[in-house]
Amino acid sequence: MQTPQIGSATQEAAQLNRNRSTPTAGAAATSGRFAASSALSCHKLLGKPLGKPLGEPLRARRRLAQTRSAGRADPMPPFRAGRYRGPSVSLASMAARVIILNGPSASAKSSIQKALQAKLAEPFLAMGLDSMFCAMLPQRYFTGQQPDERDVCWGESSLDSDGSPVFTLRLGPKGRRIFLGMHGAIAAFARAGCSVIVDYILYMPDLLPELVAALDGIQAYFVGVRIPLAVLEDREKTRATSPLGHARSHYTTVHAHGGYDLEVDTSTMTPDACAAAIIEHINSVAPVAFSRLAKARASRSTAPPSR
């Protein structure tokens, strides 16, 4: 048996690599025609005139250097199959904004959300409890008792001191994890440069620290959606999309934390009017509510214990 010639094998491999890395004139011409035709097809699909040829690595590097020297965030890197490594800097510094619409059930938050999407030039994404909690869970948790509902979520019917019906949503440990994941998802979209409008209900006070922590460093506005209880319960009966007494169950707790960047009253303002007021505010005033809540929480945690 002959021993393999390592030196000759190495030379053959090197020659093969040189052949692969040096295309023939025909191959180069074919590659150039393909790139040009691809660029033309893409511009035709987008309905835009063909501009500068694709692929300007030197100019791209120069533009990137100018961007960094000016202190601006890096642009999104070009897509390369199998080589995408994400943006080179955190995108939290970009202009993505988050609007948290917090208020009781049936207070017209979703209508305000739609009005904001229609009026804002930037494409804000709609997120909320309906899409990220109710729609994502198996529907059996909302249609009847389940063996593991105490781990996820369940409803409790009762009467308050006035004899009015109250339907309270309770969260088990897995349900709380869904809220924690929702808070993280909101922040993740914003850090990826996507602006978001959230239809939110602060069911219990201990959800707020999680939301505040998730939105740290993000340009997030906290908007309180107010409405008198009598008007709210009339809407709840008319809509019939949630059990009677659901809004009453969290009516006093949803705004108990205090401050907002802006408050609107949907008993006196239409969704379009609320959206216009919110847009005027976010386009002229920086958000402060979440930073104040974070500072207040930090001061309470560092305060010496009372004797």
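Modeller: Before we start, contact here means heavy atoms within 4.5 Å. And do keep in mind that this is a predicted model.

Colleague: Happy with that! Which residues is Phe179 in contact with, leaving aside neighbours within four places in sequence?

Modeller: Phe179 meets Leu129, Phe133, Leu171, Tyr200, Ile201, Tyr203 and Leu207. Phe179 is also among the residues with the most contacts inside the largest nonpolar core, which has 39 residues. Val98, Ile100, Tyr200 and Phe290 share that standing.

Colleague: Which element gives the most to this core?

Modeller: That is H6, with six residues. Other elements giving two or more residues include strand S1 (97-102) and helix H11 (289-302). A second, separate core has 18 residues, among them Ala115, Leu262, Cys274 and Ile278.

Colleague: Now to the helix pair. What makes H4 oblique to H10?

Modeller: The axes of helix H4 (residues 109-119) and helix H10 (residues 271-282) come within 8 Å and cross at roughly 60°. Roughly perpendicular starts at 65 degrees and roughly parallel is under 35, so H4 is oblique to H10. The crossing is right-handed.

Colleague: What kinds of residues make up the contact of H4 with H10?

Modeller: Nine are nonpolar, one is polar and two are charged. On the H4 side they include Ala115 and Lys119, and on the H10 side Asp272 and Ile278.

Colleague: One more: why is His281 counted as buried?

Modeller: Buried means under 20% relative accessible area, and His281 has 16%, so His281 counts as buried. This residue sits in helix H10. His281 touches Tyr221, Asp261 and Leu262, not counting residues up to four places away in sequence.

Key:
Residues are numbered from 1 along each chain as its sequence is written. This is a predicted model: local features need pLDDT of at least 70, side-chain atom pairs count only at pLDDT 80 or more; totals for chains, interfaces and linings use all residues. Side-chain values use heavy atoms; hydrogens and water are left out. Axes are lines fitted to C-alpha atoms, for helices over the stretch in contact, and angles run from 0 to 180 degrees between N-to-C directions. Helices (H or I, at least four residues) and strands (E, at least two) are DSSP runs, numbered from the N terminus. Angles under 35 degrees count as roughly parallel, over 145 as roughly antiparallel, 65 to 115 as roughly perpendicular and the rest as oblique. A crossing is left-handed if the near helix is turned anticlockwise from the far one by less than a right angle, and right-handed if clockwise. Ala, Val, Leu, Ile, Met, Phe, Trp, Tyr, Cys and Pro count as nonpolar, Asp, Glu, Lys and Arg as charged, and the others, Gly among them, as polar. Buried means under 20% relative accessible area, exposed over 50%, partly exposed in between (1.4 Å probe, protein chains only). A nonpolar core is a set of buried Ala, Val, Leu, Ile, Met, Phe, Trp, Tyr and Cys residues joined through side-chain atoms within 4.5 Å.
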